[in-house]
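Colleague: I am new to this structure. Please take one helix and its surroundings and go through them closely.

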Amino acid sequence: MTDIAIIVAWTIASYLLGTVPFGDIVARIAGVDIRSVGTRNPGAANVYREIGPKYGIAVFALDVAKGVVATAPMLLMGDHVWAPLPPAFAVVLGHIFPVIGSRSGGTGMATAIGTTAGLAPFGLLAGVPAALVLLAITRNAGFTGGLLFLATALLAWVVRDEVIGPLGVLGIGVLVLAKARLQYGSLMRREAED
């Protein structure tokens, strides 16, 4: 199998992995329909607020793992520095727009954070401590995630002096933030009508 065929197969598998709704699964285990409470988003932040910390942390860890599994192995494709990009976008798109199942996906924030493990691992290592401090101060996961993408891309570019991984991080960050804006804007309009 050629390198390109491996990347294509991994990209398809990554999309399918992205469609696994860990927020719904964990919430169901807790006996809650997460899509009917709080922001109705099946993400870690809503699960954390509506069901409890251990459930929210579990969803966050599982969603981050999706991004890591999709991208980190692609680092082994040494001759193709762009190899992590297709699976990174695929896993996030699978999370946001799953073709399997009848429900819409979440915003993809945690999964996108996981993709940085393969796109910009050095930037991620430097950016996480600052993001954790910011999250503790602001208590705003979306704001913190957006700044984490920006910091990760910038730090990866400075440390490694390469542009493909950082551009991938920024592209995925924009995709996730656009989905969040659409999703929460729709929720706010619905609540205003009620």
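Modeller: What follows is a close look at helix H5, with its setting before it. This is a predicted model, where local features need pLDDT of at least 70, side-chain atom pairs count only at pLDDT 80 or more, and totals for chains, interfaces and linings use all residues. Residues are numbered from 1 along each chain as its sequence is written, and side-chain values use heavy atoms, with hydrogens and water left out.

First, the setting. The chain holds nine helices and zero strands. Helices (H or I, at least four residues) and strands (E, at least two) are DSSP runs, numbered from the N terminus. The chain has 194 residues, and 42% of them count as buried. Buried means under 20% relative accessible area, with a 1.4 Å probe and protein chains only.

Now H5 itself. Helix H5 covers residues 85-96. Its twelve residues reach 17 Å from the first C-alpha to the last. That is close to the 16 Å expected at 1.5 Å a residue; the expected span is 1.5 Å times one less than the number of residues. The buried residues of H5 are Pro-87, Ala-88, Ala-90, Val-91, Val-92, Gly-94, His-95 and Ile-96.

Next, a partner. Two packed helices are described by the angle between their axes and the distance between the axes. H5 packs with helix H6 (residues 109-119) at an angle of about 170°, and the axes are 10 Å apart. Axes are lines fitted to C-alpha atoms, for helices over the stretch in contact, and angles run from 0 to 180 degrees between N-to-C directions. The angle makes H5 roughly antiparallel to H6 (over 145 degrees). On the H5 side, the contact is made by Leu-85, Ala-88, Val-91, Val-92 and His-95. H6 brings Thr-111, Ala-112, Thr-115 and Leu-119. Contact means heavy atoms within 4.5 Å. The residues of this contact divide into six nonpolar, three polar and no charged. Here Ala, Val, Leu, Ile, Met, Phe, Trp, Tyr, Cys and Pro count as nonpolar, Asp, Glu, Lys and Arg as charged, and the others, Gly among them, as polar.

H5 also meets a residue from helix H1. Ser-14 sits in H1 (residues 3-18). Leaving aside neighbours within four places in sequence, Ser-14 is in contact with Pro-87, Ala-90 and Val-91, and also with Ala-70. Ser-14 is buried, with a relative accessible area of 2%. Val-91 thus appears twice: in the contact with H6 and among the contacts of Ser-14.

Conventions
Buried means under 20% relative accessible area, exposed over 50%, partly exposed in between (1.4 Å probe, protein chains only). Angles under 35 degrees count as roughly parallel, over 145 as roughly antiparallel, 65 to 115 as roughly perpendicular and the rest as oblique.
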